Amino acid sequence: SATCVTGLIVVDTATRFSFYGHLVIMLLIQIGGLGIMILSTFAGFLIGKRISLQEKMTLSYMLNEKDIHNLSHVVRRIIGITFLVEILGAGLLWWGFVPTMGRTPDTIFFAAFHAISAFCNAGFALFSNSFESYTGNFLINGTLAALIIIGGISFSVLVNVVSVFTSRIRVSLFHHECRLGKITLNTKLVVLLTGILLALGTLLMYQFEHGTTLIRYSLPTQYLAAFFQSVTLRTAGFNTIDFTHLTVPSYLMMIVFMFIGGAWGSTAGGIKVNTVGVIIAYVKSMFRNSDD
């Protein structure tokens with residue numbers, strides 16, 4: 001479950017495993033989230049091992065990278081972005097945990113564990129009730145949601161966005177004559193559909209639960225909880241409200257959203273938002289009697 005970043009458990013992760021067990025689970029989540037292929041290729045680059053053409057073709061397909069000669073740079077950038085995002089996320093989570101857990105080594109480990117679990121969309125938590133104790137905490141909810149979204153939009157989208165951003169900074173600050181990066185069609189599709197699904201999931205969750213499960217919370221906390229469930233149900237698996245008391249419409253909505261999942265080449269599961277986008281485009285082309 002950890003290596004495949006599903007988050008399903010048969011015993012309580014928080015109480016039934018030692019620190020060593022938690023550490024092993026965290027490492028397996030990181031390996032599964034990044035992917036065996038990416039990690040093994042990165043290790044090969046580090047030791048100077050030659051990567052076969054077949055391996056390059058497979059990796060380029062996974063990463064949506066057309067230029068196979070640029071793969072080493074892309075893989076290094078993926079590793080760098082992953083660790084940078086997880087470190088920043090862990091820092092924010094540590095800040096959010098300090099008021100309840102104190103400034104202890106355990107707090108640092110809890111922050112690192114949940115940052116990795118969130119970015120890799122694994123859903124493993126070191127709290128027996130997941131994050132139900134932090135339902136109204138905007139810092140922890142926001143940080144976890146951001147990590148889940150960034151991990152779920154795919155490495156190719158992250159690399160594309162970072163490339164465009166850095167190229168424009170070089171041009172504006174240093175007046176370098178370099179080719180400006182372009183936002184790809186894949187990036188536009190993933191970001192658009194992700195935004196639509198997040199907004200739709202938030203509104204539906206609030207509509208179905210505001211009079212039942214969410215009624216005991218203040219209005220801002222209700223919207224925050226609805227948004228967090230919309231983010232996490234796609235493939236992450238955390239929760240800030242008790243799932244056992246949700247209404248049937250909420251369960252049906254969750255099934256649909258979990259079925260869709262995240263993006264190709266991401267740490268998320270599902271049939272992927274890219275697939276949904278292609279299906280929508282295909283249906284539109286049929287109605288327009290278009291071949292494209």
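This section describes the internal spaces, two backbone outliers and a nonpolar surface patch of a predicted model.

Empty space in the model was considered first for enclosed volume. Rolling a probe the size of a water molecule over the atoms shows where empty space is left. One cavity of 30 Å³ or more was counted, and the largest cavity has a volume of about 90 Å³. Its lining comprises 13 residues, of which Asn121, Ile148, Ile149, Gly152 and Arg234 are the closest to the centre. Two or more residues of this lining are given by each of the helices H7 and H9 (185-209), and the largest share, three residues, is that of H7. When the residues around the largest cavity are sorted by class, six are nonpolar, six are polar and one is charged.

Among the open spaces, the second largest pocket has a volume of about 590 Å³. This pocket is lined by 31 residues, and those closest to its centre are Thr6, Gly7, Gly123, Gly237 and Phe238. Sorted by class, the lining of the second largest pocket consists of 14 nonpolar and 15 polar residues, together with two charged residues.

The backbone was then examined for unusual values of phi. Most residues other than glycine have a negative phi. Ser154, although it is not a glycine, has a positive phi of about 95 degrees, and this residue is placed in the loop between helix H7 (138-152) and helix H8 (155-174). Because its relative accessibility is 1%, and the cut-off for a buried residue is under 20%, Ser154 counts as buried. A positive phi, of about 55 degrees, is also found at Asn289, which is likewise not a glycine; the place of Asn289 is in the segment after helix H12 (273-287). With a relative accessibility of 72%, Asn289 lies over the 50% cut-off and therefore counts as exposed.

On the surface, Val248, Tyr251, Leu252, Ile255 and Met258 make a nonpolar patch of about 470 Å². One of these residues, Met258, is located in helix H11, which is formed by residues 248-260. The relative accessible area of Met258 is 40%, a value between the cut-offs of 20% and 50%, so this residue is classed as partly exposed. The same value also satisfies the requirement of over 30% relative accessible area that applies to residues of a patch.

Note on methods. Residues are numbered from 1 along each chain as its sequence is written. This is a predicted model: local features need pLDDT of at least 70, side-chain atom pairs count only at pLDDT 80 or more; totals for chains, interfaces and linings use all residues. Side-chain values use heavy atoms; hydrogens and water are left out. On a 1 Å grid over the protein atoms alone, a cavity is a set of points where a 1.4 Å probe fits but cannot get out, and a pocket is an open set with protein on both sides within 12 Å along at least five of seven lines; lining residues have an atom within 4 Å of a point. Grid points are joined across faces, edges and corners, and a volume is the space filled by probe spheres set on the points. Ala, Val, Leu, Ile, Met, Phe, Trp, Tyr, Cys and Pro count as nonpolar, Asp, Glu, Lys and Arg as charged, and the others, Gly among them, as polar. Helices (H or I, at least four residues) and strands (E, at least two) are DSSP runs, numbered from the N terminus. Buried means under 20% relative accessible area, exposed over 50%, partly exposed in between (1.4 Å probe, protein chains only). Patches are made of residues with over 30% relative accessible area and no salt bridge: like charges are joined within 9 Å, nonpolar side chains (Val, Leu, Ile, Met, Phe, Trp, Tyr) within 5 Å. Accessible areas come from the Shrake-Rupley method with a 1.4 Å probe; for residues, only the protein chains shown count as cover. A salt bridge is a side-chain nitrogen of Lys or Arg within 4 Å of a carboxyl oxygen of Asp or Glu.
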